[in-house]
Amino acid sequence: MKEKMRLKLAREPFAEKIRKVAQLIRLAKNFPRRQRELRISRSAR
Amino acid sequence: MAVQESADNLPLAEIFRAANDLVAAGLVRDWALGGALAAIYYVEPFSTYDADIFFIPIDESLAAGIPAIYGRLQARGWQVEGEHLLVRGFPVQFLAAIGVTEEAVREAERIDYEGVSAKIFRAEHVIAIAASVGRTKDKARIEQLFQQADLDKEYLQNILHRHKLKLPIL
């Protein structure tokens, strides 16, 4: 099932895949910050 | 008229327009998108750090016309940061094509992206170039292309043979 989903993603139009890449880049940039913020808020308790 | 890209998307149409402008200005002979974004044309999307534009230089010197190329792109508002150019904060690398990458530019697939004409490496060339580089992420890219892309195996074997390349053990 997972392989089927991955193939479906691979067959999407290039422009759609590029939009998803942009989302992934944003997530990768924001995720470490969120982790840091989480650690800071926990240590403040 | 070209479609305006939204600010939260990758500025790929702007990158392609700029590369076409370099050809029109006589600063490069030809160009094509390579690297991770070329692989993504054939496989599921994944995160990547930059866009790699491979170009065939007009200038045969070691500098490959890079100063003039950078000057032209800076005039479009692009910024230089280390070995990258930044367009709307997204890093782009312009790499002079030689050997297998030059062949990849010449034989690249023509596409239309959001109304802009562009060229993109064929999947078989993406594999051959990854095989020549051989990092862990290149091996993963080769495996993914074998799983998800429609490959012309004969064409791939021909490229590998002509450039004396071997596929890694996956």
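Which residue of β7(B) does Glu109(B) stand opposite? The partner is Ile120(B), and this pairing is a handy place to start a walk through the model, which is a predicted one.

Let's stay with those two strands for a moment. Strand β7 of chain B covers residues 116-120, and β6(B) pairs with β7(B) in the antiparallel sense, over five bridges. The two strands form a hairpin with two residues between them. If you are scanning backbone torsions, look at Glu114(B), where phi is positive, near 50°.

From the hairpin we can move along chain B to its helices. A pair of packed helices is described by two quantities, the angle between the axes and the distance between them. Take helix α5 of chain B, residues 123-133, together with helix α6 of chain B, residues 136-148: their axes lie 8 Å apart and the packing angle is about 155°. Because of that angle, α5(B) is roughly antiparallel to α6(B). The crossing of α5(B) past α6(B) is left-handed. On the α5(B) side, the contact is built from Ala123(B), Val126(B), Ile127(B), Ala130(B), Ala131(B) and Val133(B). Facing them from α6(B) are Asp138(B), Arg141(B), Ile142(B) and Leu145(B). Sorted by class, this contact has eight nonpolar residues, two charged ones and no polar ones.

Helix α5(B) has another neighbour to visit, helix α7 of chain B, residues 153-162. Here the axes come within 9 Å and cross at roughly 35°, and α5(B) passes α7(B) in a right-handed crossing. The residues that α5(B) brings to this meeting are Glu124(B), His125(B), Ile127(B), Ala128(B) and Ala131(B). In α7(B) they meet Tyr155(B), Leu156(B), Ile159(B) and Leu160(B). The class count for this contact is seven nonpolar, one polar and one charged. You may have spotted some familiar names: Ile127(B) and Ala131(B) take part in the contact with α6(B) and also in the one with α7(B).

Now let's step outside chain B and look at where it touches chain A. The contact draws 15 residues from chain A and 17 residues from chain B. On the chain B side, at least two residues each come from α2, spanning 35-42, and from β6, spanning 109-113. The largest share of that side belongs to α2(B), with three residues. Its make-up by class is ten nonpolar, four polar and three charged residues. This brings us back to our starting point, since β6(B), the strand that pairs with β7(B), is also one of the elements supplying the side of chain B that touches chain A.

Key: Residues numbered from 1 in each chain as written. Chains lettered and ligands numbered in written order. Predicted model: local features only at pLDDT ≥ 70, side-chain atom pairs only at ≥ 80, totals over all residues. Contact = placed C-beta atoms within 7 Å. Helix = DSSP H or I, 4+ residues; strand = E, 2+ residues; numbered from the N terminus. Nonpolar A, V, L, I, M, F, W, Y, C, P; charged D, E, K, R; others polar. Axes fitted to C-alpha atoms, helices over the stretch in contact; angles between N-to-C directions. Parallel < 35°, antiparallel > 145°, perpendicular 65-115°, else oblique. Left-handed = near helix turned anticlockwise from the far one by under 90°. Pairing = 2+ DSSP bridges.
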